[in-house]
Amino acid sequence: MGVTSEQRFGEFVVVRRHEGQENVAELVLDRPRAMNAVSTAMARAIADACAALGADQGVRATVLTSSHERAFCVGADLKERNSLTDAELVRQRPTARAAYTGVLELPMPVVAAVHGFALGGGFELALACDVIVADRTAVVGLPEVSVGVIPGGGGTQLLPRRVGAARAAELVFTARRVEAAEARELGLVDELVEAGRDREEALALGGRIAANSPVGLRAAKRALRLGQGLDLRAGLEVEDAAWRSVAFSGDRAEGVAAFNEKRKPNWPGE
């Protein structure tokens, strides 16, 4: 799959488009010398890349990948953290947080391609995605309490939404690492593929998602996200509002016409 365009955000993040999948953006974590440990500079780059992707109406799906052969992301850059004063850490916090919320708030569906270590903030980046595809080398976990902190990239909130409160508590309190097979069994990842195939399979999934209406995809994601934690009646109101936002769109008209004419839709994206 050839690269048709590439945009770098700072030194450590790249956004790529591929031939035949121009509506799928690949967001690459690219700090291989540090196993993608998230430094201040890398956090800023992730947030900037997400802001650009979120504003791009041509992106129907994003796939979050890693350029490192043995790791998705090992979490926060603890070497950098060790050099910060308390005041510097306080000032750095909004920058770090913006990286995780940037991924979490992307308006289109996002798929994570995980292999090797996805620990701490690295696993939180994956948790911020809608679907996690992992290969059999994956090792995930939230080990923050073992170094005297807590998950700070959304882990205490996103993990219970995936696996339930008690299971999330056990994983956070023990700080244990979970290998791929158990991770799939517990629901920490959604699809388990053979070693070395996580990126390929995630991009293929992104392509299948991107074949659908961009207006519909963003509205469906909004309904899924905003409805979490609400009672059924409130959740159905969220769904109805999302339905109304697409019911009179150009995409809806094109989708119905294409179905009746037995042809592939040409989505206007509006």
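On a 1 Å grid over the protein atoms alone, a cavity is a set of points where a 1.4 Å probe fits but cannot get out. A search of the whole structure finds one such cavity of 30 Å³ or more. This is a predicted model, where local features need pLDDT of at least 70, side-chain atom pairs count only at pLDDT 80 or more, and totals for chains, interfaces and linings use all residues. Residues are numbered from 1 along each chain as its sequence is written, and side-chain values use heavy atoms, with hydrogens and water left out.

**Empty space**

- The largest cavity holds about 40 Å³ of space, a volume being the space filled by probe spheres set on grid points that are joined across faces, edges and corners.
- Its lining is made of Phe123, Gly141, Leu142, Leu159, Leu171, Arg176, Val178 and Leu188; lining residues have an atom within 4 Å of a point.
- The largest pocket has about 710 Å³ of space, where a pocket is an open set with protein on both sides within 12 Å along at least five of seven lines.
- Of the 27 residues lining this pocket, Ala76, Leu78, Arg81, Glu144 and Val149 lie nearest its centre.
- Helix H2 (78-83), helix H3 (86-104) and helix H4 (121-127) each give two or more residues to that lining, and H3 provides the largest share, five residues.
- Helices (H or I, at least four residues) and strands (E, at least two) are DSSP runs, numbered from the N terminus.

**Helices H8 and H10**

- H8 (residues 198-210) has 13 residues that should span 18 Å at 1.5 Å a residue, and its end C-alpha atoms are indeed 18 Å apart; the expected span is 1.5 Å times one less than the number of residues.
- The buried residues of H8 (buried: under 20% relative accessible area; exposed: over 50%; partly exposed: in between; 1.4 Å probe, protein chains only) are Asp198, Ala202, Leu203, Leu205, Gly206, Ile209 and Ala210.
- They cover an arc of only 160 degrees around the axis, so they sit on the same side of H8; the arc is that of the directions from the helix axis to the C-beta atoms.
- H10 (residues 232-247) also fits its expected length, with 22 Å predicted for 16 residues and 22 Å between its end C-alpha atoms.
- Gly235, Val238, Ala242, Val246 and Ala247 are the buried residues of H10, and they pack against helix H9 (214-227) and helix H11 (250-260).
- At the N-terminal end of H10, Asp231 acts as a cap, with a side-chain oxygen 3.2 Å from the backbone nitrogen of Arg233.

**Single residues worth a click**

- Gly155 is in helix H5 (residues 155-163) and is buried, at 1% relative accessible area.
- Not counting residues up to four places away in sequence, Gly155 touches Glu124, Leu127, Leu142 and Pro160, contact meaning heavy atoms within 4.5 Å.
- Most residues other than glycine have a negative phi.
- Met35, in the loop between strand S3 (21-29) and helix H1 (40-54), has a positive phi of about 55 degrees although it is not a glycine.
- Lys262, in the segment after H11, also has a positive phi of about 55 degrees and counts as exposed at 77% relative accessibility.
- Ser67 lies in the loop between strand S4 (61-66) and strand S5 (71-73), 8.9 Å from Met35, C-alpha to C-alpha.
- The side chains of Ser67 and Asp30 are joined by a polar contact of 2.7 Å (a pair of N or O atoms within 3.5 Å; within protein, one must be able to donate a hydrogen and the other to accept it, and residues adjacent in sequence count only if both atoms are side-chain atoms).
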